[in-house]
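Visitor: I would like to learn how to read a model like this one, feature by feature. Could you take me through it?

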Amino acid sequence: MTTTGFLTDSTLCIGCKACEVACKEWNDVPDDGFLWSGLSYDNTLTLGASSWRHVKFVEHQPRTGCGGNAPGHSTWQFSSDVCKHCENAGCLEACPTGSIVRTEFGSVFVQPDICNGCGYCVVTCPFGVIDRRPDDGRAFKCTFCYDRQKAGMEPACAKACPTGSILFGDLDKLQERGEERVAWLHAAGMNDASLYNPTETSVGGIHAMFLIRGDSRAYNLPPKPEVPTTLLPRAWTAAGIAAAAMAIGSLAAFAMCGSGRSAKQ
Amino acid sequence: MKATEERLDELRRQAERTGRVDAKGIRAAGSPLPEPGAEHGYYGLPLLKPPVWTWEIPLYFFVGGAAGASAMIAVAAQLSGADETLVRHARRIAALGAVISTPLLISDLGRPERFLNMLRVFKPRSPMSVGAWTLAAFGGFASAAVVADELRLEVVRDVAGAGAALSGLGMATYTGVLLGATAIPVWAEHVNMLPIHFAASAVASASSLLELLGHRHRALALLASGAAAYEVYATKEVARSGVTSTALKAASLLSGPIPLALRLLGIRSKRARRAAALASLAGSLITRFAWVEAGKASARDPRAPLGLTETLT
């Protein structure tokens with residue numbers, strides 16, 4: 001099986017949220033509240049247990065040339081966020097039940113029949129994607145439409161995207177395609193376009209890449225995401241020191257004081 | 001942020017009254033639009049997800065820690081030929097702690113009926129998996145030691161006691177690893193300190209509990225003072241990293257300076273010792289709650305994961 005991926009191109013996204021709807025429909029994801037946020041047209045706000053695609057509305061003061069707007073109009077950039085399906089996935093490493101696995105497509109999948117809702121994946125995802133669904137008790141996130149991929153189909157969000165903003169395919173080919181697209185955008189004068197794929201950090205690259213304009217931080221994409229597993233050597237060293245100190249301290253304290261009691265009281 | 005007409009009306013009223021809207025993420029002054037940007041992330045919304053754990057988890061950190069340290073104290077006391085009741089009490093605290101810990105952990109699961117899935121695999125990379133197995137081993141050893149003692153099976157009691165002490169060391173320390181090796185900034189920043197901090201807290205609570213049960217062995221006072229001395233140092237470390245949590249400050253005072261001063265100044269006073277033991281116990285309990293709460297607050301702040309230093313508007 002080839003490793004598949006997503007390339008979500010914000011320069012082609014029109015913010016229609018068809019991906020959000022298609023995902024909910026196909027995967028039977030419940031609603032997670034009807035919110036009015038006041039933050040542009042984004043009322044989903046964040047990925048979560050019941051939002052596996054989330055269109056971000058990055059709205060700016062008038063900036064000539066950006067987004068093709070006329071001067072005087074504010075600029076719009078839309079970017080459909082999704083689970084990154086990290087090469088080194090914090091949630092997968094941390095899962096104590098083995099519920100979270102790597103599939104034959106290279107994606108990270110939560111097996112709903114095994115998850116017991118311990119909540120440890122929630123605090124180990126450096127992108128804040130996976131969450132526990134309160135009324136269900138288990139952790140949920142994008143499945144990369146594992147069922148559809150098994151049947152040779154593309155994920156529901158990519159299928160529904162009307163502009164080709166969400167591309168699905170062979171990961172390596174998508175990476176090339178993304179780089180070509182960035183070069184094309186640069187040639188067209190959009191010098192702030194870039195491909196977000198943190199290969200330099202311990203996450204080691206993601207299977208859902210994003211082509212964005214401007215600073216990745218405006219999209220809540222962390223510039224240096226790290227998989228928490230890298231902290232384990234330091235943490236266990238500290239635990240080892242602590243355990244040794246406890247053992248030696250207890251033995252020494254009792255050895256020094258013998259069986260004696262302190263002054264009679 | 002519920003999408004109710006009430007909320008809309010509230011914003012409209014505020015806009016009418018003051019000419020601006022102060023709701024989070026909305027920057028009305030001089031601008032009609034809330035703006036995401038490099039300096040405040042995506043509208044200042046949280047990037048990470050806060051821990052979903054409720055009160056059971058920090059309470060378990062406290063109970064499990066005290067039980068683990070108590071198992072170690074039981075072995076040390078027994079080897080030194082200390083009072084038999086002290087050894088017995090320490091052993092029972094360990095077993096009782098294990099018995100209380102298990103339902104606490106199970107009830108916090110989203111699917112408690114699937115708790116056995118925790119022992120489906122052993123994953124050294126997952127501190128939660130290591131912890132589940134440590135608790136399973138500890139629970140077995142600690143209760144076996146108590147039962148064997150009742151049945152006067154001395155060899156079984158001593159072997160189980162040694163097992164409980166070893167796994168007890170894990171119980172008192174792994175919880176620091178569990179919090180430290182995560183994506184939550186305030187926990188990850190203190191990854192080198194948390195296991196030692198929690199171990200000191202565990203030793204202090206175990207010795208204090210035994211003291212409150214009427215044991216006046218000097219070793220207990222020595223252990224509790226040592227732990228309090230470390231907590232004084234830990235307090236400084238936490239303050240230096242700029243953590244502003246009232247609960248954590250209160251916990252630090254109760255775990256460090258207060259019991260240490262009471263023990264040093266009132267060395268011959270029974271009341272001072274009792275007060276010190278009570279302060280340590282309270283401090284140890286609040287410490288775990290304060291750290292879990294600090295993690296929740298930290299997850300809501302997108303500045304650290306985005307590498308921003310400016311304050312959010």
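Guide: Gladly! Let us start with a term: helices are DSSP runs of H or I with at least four residues, strands are runs of E with at least two, and both are numbered from the N terminus. Keep in mind that this is a predicted model. With those names, B:Leu153 is found in the loop between α4 and α5 of chain B.

Visitor: Is B:Leu153 buried, partly exposed or exposed?

Guide: The way to decide is to count C-beta atoms within 10 Å: 20 or more others make a residue buried, 12 or fewer make it exposed. B:Leu153 has 15 such neighbours, so it counts as partly exposed. For a sense of distance, its C-alpha atom is separated by 13 Å from that of B:Ser143, 10 residues apart along the chain.

Visitor: Thanks! How many helices and strands does chain B have?

Guide: Chain B has 12 helices and zero strands. Its pattern along the sequence is therefore α repeated from start to end. Of its 313 residues, 53% are buried. The C-alpha trace spans about 80 × 50 × 35 Å along its principal axes. Among contacts in chain B with a separation of 6 or more, 71% are between residues 24 or more positions apart.

Visitor: What should the span of helix α3 of chain B be?

Guide: Each residue should add 1.5 Å, and the 25 residues of α3 (84-108) of chain B should therefore span 36 Å. The end C-alpha atoms are 37 Å apart, which agrees.

Visitor: Which residues of that helix, α3(B), are buried?

Guide: A general idea helps here: with 3.6 residues a turn, residues three or four places apart on an α-helix point the same way. In α3(B), the buried residues include B:Leu86, B:His89, B:Ala90, B:Ile93, B:Ala94, B:Gly97 and B:Ser101. The buried residues of this helix pack against α2 (56-79), α4 (127-150), α5 (154-180) and α7 (194-212) of chain B.

Visitor: Let us turn to chain A. How many helices and strands are there in chain A?

Guide: Chain A has seven helices and 10 strands. A good next step is to set the radius of gyration beside the globule rule. For the 265 residues of chain A the rule gives 18 Å, but the radius is 24 Å, well over that value, so chain A is more spread out than a compact globule. Its C-alpha trace spans about 90 × 40 × 40 Å along the principal axes, and 51% of its residues count as buried.

Visitor: In what order do the strands of the open sheet in chain A lie?

Guide: To read a sheet, follow the pairing from one edge to the other. The order here is β8-β1-β10-β9 of chain A, an open sheet of four strands with mixed pairing. β8 (166-170) and β9 (193-196) of chain A are the edge strands, each pairing on one side only. From one strand to the next, the twist averages 20 degrees. Inside the sheet, β1 (4-9) and β10 (208-213) of chain A pair in the parallel sense over four bridges, and A:Phe6 stands opposite A:Ala208 in β10(A).

Visitor: How many residues does the contact take from chain A and from chain B?

Guide: The contact takes 75 residues from chain A and 85 residues from chain B. On the side of chain A that touches chain B, the largest share, 19 residues, comes from α7(A). That side of chain A divides into 39 nonpolar, 25 polar and 11 charged residues.

Conventions
Residues are numbered from 1 along each chain as its sequence is written. Chains are lettered from A and ligands numbered from 1 in the order in which they are written. This is a predicted model: local features need pLDDT of at least 70, side-chain atom pairs count only at pLDDT 80 or more; totals for chains, interfaces and linings use all residues. Two strands pair if DSSP finds at least two bridges between them. Axes are lines fitted to C-alpha atoms, for helices over the stretch in contact, and angles run from 0 to 180 degrees between N-to-C directions. Two residues are in contact if their C-beta atoms, placed from the backbone, lie within 7 Å. Ala, Val, Leu, Ile, Met, Phe, Trp, Tyr, Cys and Pro count as nonpolar, Asp, Glu, Lys and Arg as charged, and the others, Gly among them, as polar. The radius of gyration is taken over C-alpha atoms; the globule rule is 2.2 Å times the number of residues to the power 0.38. The expected span of a helix is 1.5 Å times one less than its number of residues.
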